[in-house]
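Please load the model in the viewer and choose a cartoon representation. The tour below proceeds by selection.

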Amino acid sequence: MGTNKKVQHRLATTNISDTSWVFLSTDGAVVRDSRYAATGGVARDHDGNWIIGYSRFLGVCSLFETEAWAILDGILILLNKRYKKISILTDNLEVAQVLFSPVLEDAEITVLRRTQHIMREEGIWEIKHIPRIQNLVADRLAKLSLSWKSSLQVFDEAPKEVVDLLQEDKNIVGLCS
């Protein structure tokens, strides 16, 4: 860990205008009866164009943990692809707030500790709470993974099941930039 490492952490309340930011929309889905859970997410450039998407079936999990897994999967994928300035867009305000708290209140949840550690050590992060209606692609990817029951899948191109939502959901970036 270098001494000149620039790390910025904050809960975003202002607009992002830097075109080098990547926008990561994340979501989790949990079936009420079985408690089966899955994650989904999509990364886009400043114009709202698809960079990469992902989904993962988790098995039995709480909604809170599922939302945290969605963020962790997304940031690990983007860091692996060498993206360093990431604006996380989530419809779960509680997870967003906990990730940026100085001390995790629920230290029992390993995925939160791991995500917070990575966010402290690597990259420049912002996190923004968005309404569910602005998170349709990530939501659909998570729900697809519930039916596919597959381990982590990374999509270089949008799956046909989300193509219809892309233009509608593309306006998210315009609202955030």
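The stops that follow cover a sheet, its strand pairs and the helices on it, in a predicted model.

**The sheet.** Select the 6 strands that make up an open sheet and trace them in the order β5-β4-β1-β2-β3-β6; their pairing is mixed. Next, highlight residues 124–129 (β5) and 153–155 (β6), which stand at the edges. Each of these has a single partner strand, so one side of each lacks a neighbour in the sheet. Direction ignored, neighbouring strands are turned by 20° against each other on average.

**The β1 and β2 pair.** Select residues 22–30 for strand β1 and residues 36–44 for strand β2: the two pair in the antiparallel sense, over 8 bridges. Within this pair, display Asp27 and its bridge partner in β2, Gly40.

**Helix α4.** Add residues 136–148, helix α4, which packs on the sheet and touches β1, β2, β3 and β6. The direction of helix α4 makes about 140° with that of β2.

**Helix α1.** Now select residues 63–80. This helix, α1, lies across β1, β2, β3 (50–60), β4 (85–90), β5 and β6. Helix α1 runs at about 145° to β1.

**The β4 and β5 pair.** Return to the sheet and select β4 and β5, which pair in the parallel sense over 6 bridges. Display Ser87 and, opposite this residue in β5, Glu126. Is β5 enclosed or open to its surroundings? Of the 6 residues of β5, 5 are buried, that is, under 20% relative accessible area; β5 is therefore largely enclosed by the rest of the structure.

How values were computed
Residues are numbered from 1 along each chain as its sequence is written. This is a predicted model: local features need pLDDT of at least 70, side-chain atom pairs count only at pLDDT 80 or more; totals for chains, interfaces and linings use all residues. Side-chain values use heavy atoms; hydrogens and water are left out. Two strands pair if DSSP finds at least two bridges between them. Helices (H or I, at least four residues) and strands (E, at least two) are DSSP runs, numbered from the N terminus. Axes are lines fitted to C-alpha atoms, for helices over the stretch in contact, and angles run from 0 to 180 degrees between N-to-C directions. Contact means heavy atoms within 4.5 Å. Buried means under 20% relative accessible area, exposed over 50%, partly exposed in between (1.4 Å probe, protein chains only).
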